Amino acid sequence: MAKTQLNARVPEELADEVRSAATKAGMDIGDYITAVLQADLAAASGSPELREARARMHAVAAYNKWNTTGRSEAGAMSMDEVFGT
């Protein structure tokens with residue numbers, strides 16, 4: 001398969017976590033990022049269960065980012081309310 005280079009600016013903390021995860025997985029960073037993106041794209045077009053799991057994962061990440069910036073949760077919906085569980 002032909003390869004192309006993509007460039008992205010990410011927070012240093014995320015870059016450190018990705019490097020660490022790639023090392024733990026015994027992969028170089030390019031292969032690791034490729035595998036993560038392929039898994040996410042497969043989930044996005046997969047079964048309803050995979051799409052829901054992906055949506056939950058992205059929602060939790062967004063929720064955690066919201067909380068770390070000190071934003072208020074007053075009046076916010078819970079994850080159960082968002083996903084109807």
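This passage describes the confidence of a predicted model and the surroundings of a few of its residues.

Across the protein chain of this predicted model, the mean pLDDT is 86, and 91% of the residues reach 70 or more. Confidence is not uniform along the chain, being highest in helix α1 (residues 12-24), with a mean of 95, and lowest in helix α4 (residues 79-83), where the mean is 72.

Helix α2, which spans residues 29-44, contains I33, and D40 is likewise found in helix α2. The two residues fall into separate classes of accessibility, since I33, at 37% relative accessibility, counts as partly exposed, whereas D40, with a relative accessible area of 19%, is buried because this value is under the 20% cut-off. On the surface, I33 joins I29 and L37 in making a nonpolar patch of about 240 Å².

The surroundings of D40 involve residues further along the chain: when neighbours within four places in sequence are left aside, D40 is in contact with R54, M57 and H58. With R54, one of these residues, the side chain of D40 makes a polar contact to the side chain, at 2.9 Å.

In helix α4, the element of lowest confidence, lies V82, for which a relative accessible area of 46% was computed, so that V82 is classed as partly exposed. Between V82 and K65 the separation is 17 residues in sequence, and their C-alpha atoms are 17 Å apart in space.

Key
Residues are numbered from 1 along each chain as its sequence is written. This is a predicted model: local features need pLDDT of at least 70, side-chain atom pairs count only at pLDDT 80 or more; totals for chains, interfaces and linings use all residues. Side-chain values use heavy atoms; hydrogens and water are left out. pLDDT is the predictor's confidence in each residue, from 0 to 100. Helices (H or I, at least four residues) and strands (E, at least two) are DSSP runs, numbered from the N terminus. Patches are made of residues with over 30% relative accessible area and no salt bridge: like charges are joined within 9 Å, nonpolar side chains (Val, Leu, Ile, Met, Phe, Trp, Tyr) within 5 Å. Accessible areas come from the Shrake-Rupley method with a 1.4 Å probe; for residues, only the protein chains shown count as cover. A salt bridge is a side-chain nitrogen of Lys or Arg within 4 Å of a carboxyl oxygen of Asp or Glu. Buried means under 20% relative accessible area, exposed over 50%, partly exposed in between (1.4 Å probe, protein chains only). A polar contact is a pair of N or O atoms within 3.5 Å; within protein, one must be able to donate a hydrogen and the other to accept it, and residues adjacent in sequence count only if both atoms are side-chain atoms. Contact means heavy atoms within 4.5 Å.
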